[in-house]
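Q: Please go through the labels attached to this model and set each one against its definition.

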Amino acid sequence: MNKLIPLAVALLASSVIGLQGCSTSNTPVAEAPKPAPAPAWKQGMGADMSTSKLAPLAGKMTATPANEIPLNTLKLPPGFKIEVYASGIPGAREMAMGDNGKIYIGTRGIGRIYEVSNNGKERSSRIVVDKLVQPSGVAYKNGSLYVMAIDKVLRYDGISKNPTVAPVDMTSKFNLPPEQHHNWKYLAFGPDGKLYVPFGAPCNICELPTPEYAQIRRYNPDGSGMEVLATGVRNTQGFDWHPVTKQLWFTNHGRDWMGDDKPNDTLNILTSKGENFGFPYCHEGNMPDDKVIKPNACEGVTKPVALLGAHAAAMGITFYTGNMFPAEYKNVAFIARKGSWNRNVKSGYDVVTVKADANGKNAKITPFITGFMNSADQSFWGRPTFFLQMPDGSMLLTDEQLGAIYRITYKK
């Protein structure tokens, strides 16, 4: 009996192995799970920065009461005053002035368009539309509000008088590319009556998958007549036309993960249709990229008017044309710098002015509003984004972080 047991065990084991072999011969072997792709914001990170703990800073997407906004920490030139114009607008970005003093505000992460009304004593806000994909672009012309999200273009005709008007869907007219990265919009109608729209690069740094990215385009208001005006523009989040020359000036974001001090965000002028501003091969007009390499990378690239700081997130630009501020601010560019995340020592979180000749020469950058960030401990409470000049010459400024609009005035 004892001699038979090992033999039986051996036969049983042999049978099991044989059965396993039969079963696996007809069953596909499961592949090991592939590692999750790196988040888009890490793309382009070199080995020298692989251990960096830097990451995008989350926005505050809940309402902040006006009395909790620490405006007393802000510093402006003598005679200037800043106050809360409206609050409770989480994610506030670009503004457009409608009729009857109404202001329309785009957002990015929260997916809303707001309307702010002013009855002369107080401001109230409402949500025009919700659950869009990064609808940061708004513009207003001839009684119609234009809204552009990543994948949708809507026009609200007569919205100032009819708040519940249904939008006209114009998406099919604009040939929107599908990638989301850097594809949120800034909209503005130019002196020629056409609608100007940027289409950012779908990456931090890469060869473009198709030519329709890293562009500035313009359209007729109905979406027809599309023209590509500029290429090589990584991510512009603000532009305006010089009051004298009528040329387009725009801010542009430099790429991430090349170190704390390069490349700079830039201020640029489009002097002729078809100019190339370098992306992805060249930054700042003279700095070849270290990952996407091309011989003579900066040859033929239009150089910037000014460097606006590495990773400072230069956003809106508005030329001041009002009469409230002192004469030395006439035709001066105001630029909001939302503030860096891809930098060990934070930069931006402020508003600067750029005074230059009409052709962009002799540009001088001067701080205008500071105090959104505490440089001593690198903490911040606000992130300024866009301007709107009011009929009385005051300026409005959005704060995406606290969801507020501030009013800047001057009095001797």
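A: Strands here are DSSP runs of E with at least two residues, and helices are runs of H or I with at least four, both numbered from the N terminus. Two strands pair if DSSP finds at least two bridges between them. The model is predicted, so local features need pLDDT of at least 70 and side-chain atom pairs count only at pLDDT 80 or more, while totals for chains, interfaces and linings use all residues. Residues are numbered from 1 along each chain as its sequence is written, and side-chain values use heavy atoms, with hydrogens and water left out.

Q: What makes β27 and β28 a pair?
A: The two strands are joined by 4 bridges and run antiparallel; the requirement is at least two, so they pair. One bridge sets Gln389 opposite Met395 in β28. The hairpin of β27 and β28 has 5 residues between the strands, and Gly393 there takes a positive phi near 95°.

Q: Why is strand β27 called mostly covered?
A: Of its 6 residues (384–389), 5 are buried. Buried means under 20% relative accessible area, exposed over 50%, and partly exposed in between, with a 1.4 Å probe and protein chains only. Phe387 shows the test on one residue: its relative accessible area is 7%, so Phe387 counts as buried.

Q: What makes Phe334 and Phe387 an aromatic pair, and of which kind?
A: Rings of Phe, Tyr and Trp (its six-membered ring) pair if their centres lie within 6.5 Å; planes under 30 degrees apart count as stacked, over 60 as edge-to-face and the rest as tilted. Phe334 and Phe387 are 6.2 Å apart centre to centre, with 70° between the planes, and the pair is edge-to-face. Phe334 lies in β22 and Phe387 in β27, so the pair ties together parts 53 residues apart in sequence. Phe334 has 1% relative accessibility and therefore counts as buried. Both rings belong to an aromatic cluster with Phe80, Tyr320, Phe325, Tyr329, Phe368 and Tyr410.

Q: Why is the pair of Tyr186 and Phe239 called edge-to-face?
A: The ring centres are 4.8 Å apart and the planes stand at 85°, so the pair meets both conditions. Tyr186 is in the loop between α2 (171–174) and β10 (188–189), whereas Phe239 is in β14 (239–241), 53 residues apart. Both residues are buried. The structure holds 26 aromatic pairs.

Q: How do you know that Arg108 lies over the face of Trp184?
A: A charge sits over a ring if NZ of Lys or CZ of Arg is within 6 Å of the ring centre and within 35 degrees of the ring normal. Arg108 is placed over the face of Trp184, at 3.5 Å from the ring centre. Lys141 lies over the face of Phe189, at 5.4 Å from the ring centre.

Q: Which residues touch the most other members of the largest nonpolar core?
A: A nonpolar core is a set of buried Ala, Val, Leu, Ile, Met, Phe, Trp, Tyr and Cys residues joined through side-chain atoms within 4.5 Å. This core has 24 residues, and Phe334, Ile369, Leu397, Tyr406 and Ile408 touch the most other members. At least two residues each come from β1 (80–86), β22, β24, β28 (395–399) and β29 (404–410). The largest share, 3 residues, comes from β29.

Q: What is Tyr406 in contact with?
A: Contact means heavy atoms within 4.5 Å. Leaving aside neighbours within four places in sequence, the partners of Tyr406 include Ile82, Val84, Trp381, Met395 and Leu397.

Q: Why is β12 described as largely enclosed?
A: In β12 (215–219), 5 of the 5 residues are buried, so the rest of the structure largely encloses this strand. Gln215, Arg217 and Tyr219 are buried on one side, and Ile216 and Arg218 on the other.

Q: What makes β11 and β13 partners of β12?
A: β11 (195–199) is joined to β12 by 5 bridges, and β13 (227–231) pairs with β12 over 4 bridges. Both pairings are antiparallel. Pro198 stands opposite Ile216, while Arg217 has Val228 in β13 as its bridge partner.

Q: Which are the edge strands of the sheet β21-β22-β23-β24?
A: The sheet is open, with 4 strands in antiparallel pairing. β21 (314–319) and β24 (364–369) are the edges, as each pairs on one side only. Within the sheet, 5 bridges join β22 (333–337) to β23 (350–355), with Ile335 opposite Val352.
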